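Here is a protein chain to be read through a set of questions and answers. Please look at the sequence and the structure first.

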Amino acid sequence: MEIKKFMVMAAAAVALVFGVCSCGDDDDETNNPTQQLAAQVAGAYTGEESLTVAGSVFDSIQTYVFAKATDMTVDMTIPAAEGAMAYPALPVKDIKLTSGGAMIMGELGSYAGTVTDATGNEKAYTVS
């Protein structure tokens, strides 16, 4: 009789161990961080910007805005500049995102767009 009890208890223990140890639902695409790169990047980032034009250095504090376009791409807005080289805010669309470890990288071969300047003229621009 004691062996019978022992076998029942052993079977219950094995069932308990296998019932508690189960696989997590890590195959779900909503839990996959590579599917949500744009959501992780979207936001406004402020920092020091240094531009060199014809040998002259111009330092300023600027805010760049990144908006989610798709799960794997963002649109960026380059802030307007004032002074001798004034230009309005420039939108840059479809920057492809990839991840490498803890880093998210954006890649843009080239983007061409048009913008209206302060005098009302339409101007073409290219960002690469």
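The questions below take up the sheet, the aromatic pairs and the pocket.

This is a predicted model, in which local features need pLDDT of at least 70, side-chain atom pairs count only at pLDDT 80 or more, and totals for chains, interfaces and linings use all residues. Residues are numbered from 1 along each chain as its sequence is written, and side-chain values use heavy atoms, with hydrogens and water left out.

Q: In what order do the five strands of the open sheet lie?
A: Strands here are DSSP runs of E with at least two residues, numbered from the N terminus. Two strands pair if DSSP finds at least two bridges between them. The pairing in this open sheet is antiparallel, and the order is 1-2-3-4-5.

Q: Which strands stand at the edges of the sheet?
A: An edge strand here has a single partner strand, so one side of it is left without a neighbour in the sheet. That is the situation of strand 1 and strand 5 (103-107).

Q: How many bridges join strand 1 and strand 2?
A: One of the bridges places E49 opposite S60 in strand 2. The hairpin of the two strands has two residues between them, and A54 takes a positive phi near 50 degrees there. The strands pair in the antiparallel sense, and the number of bridges is 11.

Q: Which residue in strand 5 stands opposite K96?
A: Strand 4 (residues 90-100) and strand 5 run antiparallel and are joined by five bridges. The residue opposite K96 is E107.

Q: Is D94 buried, partly exposed or exposed?
A: D94 is found in strand 4, and its phi is near 60 degrees, a positive value in a residue other than glycine. Buried means under 20% relative accessible area and exposed over 50%, with partly exposed in between (1.4 Å probe, protein chains only). The relative accessible area of D94 is 46%, so D94 is partly exposed.

Q: What kind of aromatic pair do Y45 and F66 form?
A: Rings of Phe, Tyr and Trp (its six-membered ring) pair if their centres lie within 6.5 Å; planes under 30 degrees apart count as stacked, over 60 as edge-to-face and the rest as tilted. For Y45 and F66 the distance is 5.7 Å centre to centre, with 70 degrees between the planes, which makes the pair edge-to-face. Y45 lies in strand 1 and F66 in strand 2, so the pair ties together parts that are 21 residues apart in sequence. The kind of pair is edge-to-face.

Q: What is the distance between the ring centres of Y111 and Y125?
A: Y111 belongs to strand 6 (residues 111-116) and Y125 to strand 7 (residues 122-127), 14 residues apart. Y111 is buried at 18% relative accessible area, and Y125 is buried at 12%. The planes stand at 50 degrees, so the pair is tilted, and the centres are apart by 6.4 Å.

Q: Which strand gives the most residues to the lining of the largest pocket?
A: A pocket is an open set of points on a 1 Å grid over the protein atoms alone where a 1.4 Å probe fits, with protein on both sides within 12 Å along at least five of seven lines; lining residues have an atom within 4 Å of a point. The lining of the largest pocket has 16 residues, and L51, F58, A81, E82 and M85 lie nearest its centre. Strand 1 (43-53) and strand 2 (56-70) are the elements that give two or more residues to this lining. The strand that gives the most, with five residues, is strand 2.

Definitions and conventions:
Helix = DSSP H or I, 4+ residues; strand = E, 2+ residues; numbered from the N terminus.
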